[in-house]
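Biologist: I should like to learn how to read the features of a protein model. May we go through them in turn?

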Amino acid sequence: CDVLHPQGFDSFGLPAENYAIKTGTHPKETTAQNIENYIRQMKSLGFGYDFGEKIITSSPEYYKWTQWLFTQFFEHGLVYKKTASANWCDSCKTVLANEQVVDGKCERCKNEVTQKEVPGWFFKITDFADGLIEGLKGVDWPEHTKKNQINWIGKSEGALIKFPISSSQFSIEVFTTRPDTLFGAMYMALAPEHEMVSNLKKQITNWDEVEKYVNDTKKKTERERVENKEKTGVELKGIRAINPANNEEIPVFIADYVLAHYGTGAIMAVPAHDERDWKFAAKFNLPKPPVVEPYFVKNGGEDGVRDDKQTIEREAITAIVKHWTEDKYIVLKWKKVDWHTFITGGVENGQTPEEAARAEVLEETGYKDIKNASELSRFHSKFFHVPKDENRLAHFHTFYFELGSGEREIVSTDEQKHHEVLWLMPEETVKVLTPPGHLYVWNELKNGTSAYLGEGILANSEKFDGMGSEEAKKAITDFVGGTMTNTYRLRDWSISRQRYWGAPIPVVYDSNGSPHIVPEKYLPWLLPEDVDFVPTGTAPLAKSEELKKRTEEIFGKGWTPETDTMDTFVCSSWYYLRYPNPHNENMFCSGERLRRWLPVDLYIGGAEHTYMHLLYARFFTRAMRKIGLIDFDEPFLKLRHQGMVLDKNGVKMSKSKGNVVNPDEITERFGADAVRLYMMFAGPLDEDVMWNENGIVGTYRFLEKVWRLSQMCADSAGRKTETLLHKTIKKVEGDIEELKFNTAISAMMIFVNTAEKEGITQKQYEAFLKLLAPFAPHMTEELWCELGYVASIHLEKFPIADPAHSKDEERVIAVQIDGKTRDTFTVPQDADDKAIEEMAVSREMVKKWLNGKTISRIIVAKGKIVSIVTER
RNA sequence: GCCUAGGUGGCGGAAUGGUAUACGCGAAGGUCUCAAAAACCUUUGAGCGCAAGCUCAUGGGAGUUCAAAUCUCCCCCUAGGCACCA
């Protein structure tokens with residue numbers, strides 16, 4: 001079949017620009033030189049690309065279409081302008097990428113970096129969030145890559161709820177995934193950047209403190225806010241919010257753990273059911289009342305809920321009882337069922353739960369001297385009560401009792417029939433306890449109360465008490481007039497860069513400052529060349545007289561050009577659509593060629609592209625389909641990752657570390673084929689490869705053996721060689737299909753080692769050379785020529801494995817006795833399980849090991865293993 | 001802190017429920033040689049044993065199974081990524 005295996009150069013970007021700044025050479029020139037060198041090196045390694053079809057993203061021929069796509073997106077409402085916070089160096093007057101910020105300082109001038117609102121163009125990738133999640137179902141990608149993208153997009157289902165600010169006309173909207181916990185909201189927290197902070201300035205009585213906190217936050221990079229473990233914040237004194245569920249006033253804080261760009265930039269804080277809110281509330285002495293009580297449903301097992309049985313709902317108690325002198329606790333071991341529990345029982349009419357608990361302790365264990373009593377958290381539980389033969393939905397009150405002495409009454413024989421009273425140490429208790437609810441209260445007793453994050457049954461929530469979390473989410477949202485909605489952690493894609501070496505954004509501004517796209521007939525909107533690209537604090541393109549003149553000549557006096565360039569990820573988000581038709585001057589790609597070649601069948605790239613490139617490319621594909629430019633949703637049907645090459649200390653190779661290997665030098669020493677083989681042999685494709693020159697010696701020797709083998713071809717050879725040849729063809733073919741080049745090479749090494757010993761015919765040797773040809777293209781071509789062929793070996797068909805030849809006459813059977821391999825023997829290939837079993841038990845070795853034991857079971861597995869199990 | 005992927009000889013790795021350590025590197029001994037290099041042959045997980053062979057070993061601990069590097073749970077460590085996601 002036809003394969004399009006193209007190669008291109010993503011040549012815009014910061015590294016090229018930095019290199020140009022350093023050397024004073026225009027990036028256009030260095031880029032051209034580098035491309036030429038790369039192509040030469042790739043050719044010397046025998047890479048079979050068609051370099052006539054190459055793409056260079058920094059060429060006007062290509063970026064014309066990058067710009068054209070921008071204008072298409074613009075016209076279809078997928079582009080907009082807004083300000084967003086970015087790392088800003090006030091000394092360089094420039095935006096910095098996270099990696100250019102070192103310890104909160106600019107890597108170039110060491111000036112302190114602050115967060116600044118910077119205007120820029122954005123692509124509406126969030127419009128496609130659901131599709132980007134759904135689309136992953138239909139593609140053959142590594143599971144972990146899919147998982148990572150889904151987590152990155154981060155869909156949360158929740159509600160928008162408004163909290164009025166008392167004695168003002170304002171209200172603040174929050175997004176929450178847990179509207180069921182609204183009655184437990186004890187404070188609100190706003191991102192320090194939240195617009196309401198300045199709106200409410202007049203009413204805030206501690207403005208100085210608030211302003212200082214806002215300014216301090218600006219000094220933190222988002223990363224520092226993330227890594228800060230201690231929760232900080234400042235209360236907005238003089239401001240109170242009203243919890244719309246119960247109309248109670250709660251304090252309002254600003255806190256940097258709340259991020260402006262997620263949700264609404266404001267949260268309702270429920271200390272009892274969120275870990276961060278719990279910590280924050282603890283620090284600021286705020287109450288933490290629980291409003292959701294844990295609910296455990298037991299499914300499966302002896303005590304799992306059974307659909308065919310009736311369910312009895314009742315109030316219940318459970319009690320943890322501590323020994324009067326030792327650190328031991330009462331656990332009941334049940335007799336009719338495999339249960340270990342604390343003391344449990346029902347609450348009778350007229351009893352308080354505590355009375356019921358005390359009575360139950362007395363009844364079941366006889367102990368009566370309860371010295372200290374305290375109440376623990378409530379929980380709910382649904383399970384099948386084996387002794388009572390019915391499902392139970394029990395609402396538990398839990399108590400902790402400390403005994404004062406061992407004073408005890410006699411326990412009725414009836415109770416004794418049900419369970420045995422054990423006194424257990426804490427570590428034993430944890431091990432044996434059956435009900436999850438009991439483990440939960442035990443944890444609370446031992447480790448103190450903490451935030452309960454799960455769902456459950458509502459309490460302290462007025463008329464919603466007793467409702468399940470799931471149902472309550474909608475009910476409470478409706479009750480306060482909120483709306484159910486989804487939020488994503490994915491943010492819109494900022495594509496503006498204040499740099500020189502990128503595709504100019506094809507936008508001009510009229511004299512009022514309103515943006516207009518550059519019409520198609522003026523594309524490519526060329527990157528001006530009369531620009532000093534050394535950074536001076538103004539955007540490089542703003543310094544171009546030519547660009548200014550061009551804009552005025554075309555659009556009129558007073559019109560000005562956009563001076564930002566595009567993020568290079570824009571260029572790389574659609575290049576695969578250009579590959580089938582790279583020189584088309586009328587379209588980004590003809591419809592015919594799109595249908596012929598796309599989507600991409602197999603895409604190989606590093607795992608580091610999971611969140612950016614791969615997501616952006618998928619967004620582009622979906623956006624272009626929406627516009628009607630293409631007719632598929634997913635650009636890459638099958639994706640596999642390749643690993644990085646590390647130096648021998650396991651460090652990523654990079655120019656800045658000076659640990660890179662020059663392919664020219666290494667090819668000179670070992671030859672391209674040995675280097676290629678080593679790279680493939682060193683490990684699985686998707687794992688990193690440690691560069692170790694000693695390893696190349698191995699593949700070099702292998703190639704020498706292959707060469708020598710050409711002198712050893714005879715008229716006939718052992719049957720072994722023929723069998724192995726067909727096995728090897730099958731193995732190599734399958735491994736290539738699965739991209740397991742390391743094991744394919746291993747199989748070929750085994751073949752050569754065997755052929756050396758067993759002999760080889762010319763026909764077998766020729767078949768082997770064809771197998772090796774894709775791996776070692778140069779040497780196999782040479783040998784092919786020496787054999788007298790005129791046409792290239794690379795035009796030959798791949799050998800076909802003959803199943804009739806790839807089967808051995810015999811196979812080896814292993815015998816395991818009680819799980820240990822004790823003997824092996826060979827049987828004819830066609831032996832059946834019955835015969836194998838009979839042979840196994842008649843073996844001397846097997847008889848010896850079976851000496852005096854009775855066989856209870858014999859398993860013949862996959863015609864390979866006989867497993868004999870004796871009675872124990 | 002969170003997400004993802006890993007942890008197998010001296011080293012790179014093989015085996016995805018069925019004889020652990022394929023293949024390669026390195027190392028030791030030998031053949032050839034005046035010598036060396038190259039090449040070739042033998043050995044090479046640990047321990048015990050004259051040997052046949054036995055015991056132990058896939059980060060640690062528990063479990064499921066006739067059988068676990070492989071499946072389940074807990075813990076430890078390493079790498080990569082990260083935007084405290086309400």
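Modeller: Certainly. This is a predicted model. We begin with an open sheet of 4 strands, whose order is β4-β3-β7-β24 and whose pairing is antiparallel.

Biologist: Which strands stand at the edges of this sheet, each with a single partner strand?

Modeller: They are β4 (94–96) and β24 (493–494); each has a single partner, so one side of each lacks a neighbour in the sheet. Strand β7 (residues 113–123) is joined to β24 by 2 bridges, and F122 stands opposite S494 in β24.

Biologist: Which helix lies across β3 and β7?

Modeller: Helix α3 (residues 60–75) lies across β3 (79–89) and β7, and runs at about 85° to β7.

Biologist: How should two packed helices be described?

Modeller: One gives the angle between their axes and the distance between the axes. Here, the axes of α21 (residues 672–681) and α24 (residues 741–758) cross at roughly 120° and come within 7 Å. In this contact, L677, M680 and F681 of α21 meet F741, N742, I745, S746 and M749 of α24. These residues comprise 6 nonpolar, 2 polar and no charged.

Biologist: Where do nonpolar side chains tend to be in soluble globular proteins?

Modeller: They tend to be buried together. In this model, the largest nonpolar core has 72 residues, of which F73, F123, F588 and F620 touch the most other members. Helix α19 (residues 613–627) gives the most to this core, with 9 residues. Among the residues that F620 touches are L69, F73, F123 and W493. A second, separate core of 42 residues includes F670, L703, Y765 and I793.

Methods:
Residues numbered from 1 in each chain as written. Chains lettered and ligands numbered in written order. Predicted model: local features only at pLDDT ≥ 70, side-chain atom pairs only at ≥ 80, totals over all residues. Heavy atoms only, no water. Axes fitted to C-alpha atoms, helices over the stretch in contact; angles between N-to-C directions. Contact = heavy atoms within 4.5 Å. Nonpolar A, V, L, I, M, F, W, Y, C, P; charged D, E, K, R; others polar. Core = buried A, V, L, I, M, F, W, Y, C linked by side-chain atoms within 4.5 Å. Buried < 20%, exposed > 50% of the residue type's maximum accessible area, 1.4 Å probe, protein only. Pairing = 2+ DSSP bridges. Lists of a residue's contacts leave out its neighbours within four places in sequence.
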